[in-house]
Structures are given as C-alpha cells and as structure tokens.
Amino acid sequence: ANPAKGLRMEAPPRVEDPWTYLTEAEIAAVLHTAPQPARTAYTLAIYAGPRQGELIGLHWRDVQEAAERPVVTLRHSHGGPTKGNRIRHVPLLAPAAQALAELRDKDQPGPADLVFPAQRGGRRSRSDDFGWADRKRGKQDLDRQTGRPKGPTPGHKTRAGIAREVRFHDLRHTFASHLVMGTWGQCWTLQEVATLLGHTSTKVTERYAHLSPEHLHAKAALTAKQPSNRPRNSEAEEELQTVGVARFEPATS
C-alpha cells in the first residue's frame, strides 16, 4: 500500500519577494557594459516593457522610432501571436527610440527584417536572453592548471556588477516599477501601466509595481514636514466634540 496516498503536498509559505527590478545605477551599468544588439534589446525592455518573446518576434516594419509620436507595435511573440492574442501599440520613451534609431542606422535593415535576429540569421530560440544570464560551460572546458571544469561564462548582468538574482523578465518589472514611482519625470497610474504592459486587470499589474524603500521613505519624510492647514476649532466646537466623546457620535467637519 502507498502510505502517501490521499496526502497532498503544500508549498511552504513565501517569506521572500520573488519580484525585483533594477535601480537607476544598475540600469546605467547594464547599458554601459552590454554590446550591441543586446544593449538595444535591454533598453527596449527597460523603457518599453515588451516580453522576451515579443522582442525576438519584432520586425522593423513595426518600429516607428523617428515618427512624431514614436511607437512600437507588438504583434508577434517568437513565431506566433503575442500572449492573449492582443496587438499592442506602445509609445516609446526617448531612450528606447534613440537606441532603435542607432541600431537602424548601423544595420540598415529592410522592413521585413527582424530587429534582433540570431547571430547566424533567422529567429532566435525561445531560450535566448540576449546574453543576460551566466552560461554553463561544457564538460570539455577544463582549466589548464587545475584540470577541473571551468566556471560559468558571466553574462551581461554579472559583467555589470549585479550579483543578486535578476532575470531577463525583471527588466519588464523595472519598466513598470519606475513608471509608478515617477523616476523618469511622471508618476503613472496602475491603469495606465496595465494598458502599456497588455494586462487585462490592474490586479496583475500590482505584482510589477514595486516601490523602492527610498521612494517610500522620501514620501513619508515629505508628508511629516507638511504643515497642517486645518483651522483651529472654535470653543463651541471643542466643547461639542468633548461632549460627543461621552454621549454622542463625534462631530465631523
């Protein structure tokens, strides 16, 4: 007989927040370290929020970085439609538009060409993260001095000095978090961010809208310093409120 029959495994409660995002300093380090075309892919992920597959499936005919209103149309993910079969027209922030313009000038692509083709041409694989994460070496890659297998090849994240766990998808979280915090000049609402990210509900967007401790502390300090403009109650109002504590519902202004 199976002694585990009828029992159900339950995952332990989470005590760590699984989501994260890049700080302004980390964004600068990544974009300074990464070579092309990975740099443009990271810039677009950070400043426009497309998914990894949407970047891989992006064609130049869907990029209007030099228009009066720069926009990128996300209609493909890998070789098929986007998640939820929804086509999104995402306005481009200045850093994303500039990065795409520089890449177009460099490659001189045609309208049907992929923006981020594989190194040998064609579409990138589903696991391709533009060199973001560290790569394991093969068993045949041995250290000449010790004879042991070499350690992983550092990815662009590690080369930028980011030691903590940050996935490629967290660049999308970075976009949402900084929009909500107003890091780039404007505080966006959750509904506005949800529209850009292609979410059907702001409940999903709340998972991406992380506020940094520095942001919250700055808000708290500003709130504490603001003087109160409420007029002092008259003696009659104070007496009424005092009586209300004992006998009546407290008065409201």
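**View 1. Arg135 meets Asp129 in a salt bridge.** In this predicted model, the side chains of the two residues come together with N and O 2.4 Å apart. What about their surroundings? Asp129 counts as buried, at 8% relative accessibility. Arg135 is partly exposed, with a relative accessible area of 36%. Asp129 also turns up on the contact list of Tyr42, a residue that gets its own view below. Elsewhere, Asp128 makes a salt bridge with Arg124, at 3.1 Å from N to O. Arg124 counts as buried too, at 13% relative accessibility.

**View 2. A salt bridge runs from Arg104 to Glu65.** This is one of the 9 salt bridges that turn up when the whole structure is searched. Here the closest N and O atoms are 2.8 Å apart. Arg104 sits in helix α4 and Glu65 in the loop between β1 and β2, so the pair ties together parts that lie 39 residues apart in sequence. Glu65 has 12% relative accessibility, and because buried means under 20%, it falls in that class. Arg104, at 24%, is partly exposed.

**View 3. Glu54 sits in a salt-bridge network with Arg51 and Arg88.** Look for Glu54 in helix α3, which covers residues 52–56. Is Glu54 buried or exposed? At 1% relative accessibility, it counts as buried. Beyond residues up to four places away in sequence, Glu54 touches Leu74, His76, Ser77, Thr82 and Arg88. Two of those names come back in the sheet: Leu74 has Arg88 of β5 as its bridge partner. So Arg88 belongs to the salt-bridge network and is also the bridge partner of Leu74, while Glu54 touches both Leu74 and Arg88.

**View 4. Three strands make an open, antiparallel sheet.** Reading across the sheet, the order is β1-β2-β5. The edges belong to β1 (63–64) and β5 (88–91); each has a single partner strand, so one side of each is left without a neighbour in the sheet. Strand β2, residues 71–74, is joined to β5 by 4 bridges, and the two run antiparallel.

**View 5. Helix α2 is largely enclosed by the rest of the structure.** That description fits because 10 of the 11 residues of α2 are buried. Among them are Thr40, Tyr42, Leu44, Ile46 and Tyr47. What do the buried residues of α2 pack against? Their partners are α1, α3, β5, α4, α5 (156–159) and α6. Right after α2 comes Gly49, whose phi is positive, near 80 degrees.

**View 6. The largest nonpolar core holds 41 residues.** Leu22, Tyr42, Leu44 and Phe130 touch the most other members. Elements giving two or more residues to this core include α1 (24–33), α2 (38–48), α4 (94–107), α6 (170–181) and α7 (190–197). Which element gives the most? That is α2, with 8 residues. As a general rule, nonpolar side chains in soluble globular proteins tend to be buried together.

**View 7. Tyr42, Phe130 and Phe168 belong to an aromatic cluster that also takes in Phe116 and Trp132.** The structure holds 5 aromatic pairs. Tyr42 and Phe168 form a tilted pair, 6.2 Å centre to centre with 55 degrees between the planes. This pair links distant parts of the chain: Tyr42 in helix α2 and Phe168 in the loop between α5 and α6, 126 residues apart. Both Tyr42 and Phe168 are buried. Phe130 and Phe168 form a stacked pair, at 5.7 Å centre to centre and 25 degrees between the planes. Here Phe130 comes from the loop between α4 and α5, 38 residues from Phe168. Phe130 is buried, as is Phe168. Neighbours within four places in sequence aside, Tyr42 is in contact with residues including Val30, Leu31, Trp132, His156 and Leu171.

**View 8. Confidence varies along the chain, from helix α2 to helix α10.** The chain averages a pLDDT of 84, and 77% of the residues score at least 70. Among the elements, α2 has the highest mean pLDDT, at 97, and helix α10 (residues 235–246) the lowest, at 49. Over residues 242–248 the pLDDT is below 50, and beyond near neighbours in sequence this stretch has 2 contacts in the model.

Key. Residues numbered from 1 in each chain as written. Heavy atoms only, no water. Buried < 20%, exposed > 50% of the residue type's maximum accessible area, 1.4 Å probe, protein only. Contact = heavy atoms within 4.5 Å. Pairing = 2+ DSSP bridges. Core = buried A, V, L, I, M, F, W, Y, C linked by side-chain atoms within 4.5 Å. Salt bridge = Lys/Arg side-chain N within 4 Å of Asp/Glu carboxyl O. pLDDT = per-residue confidence, 0-100. Phe/Tyr/Trp six-rings, centres within 6.5 Å; stacked < 30°, edge-to-face > 60°.
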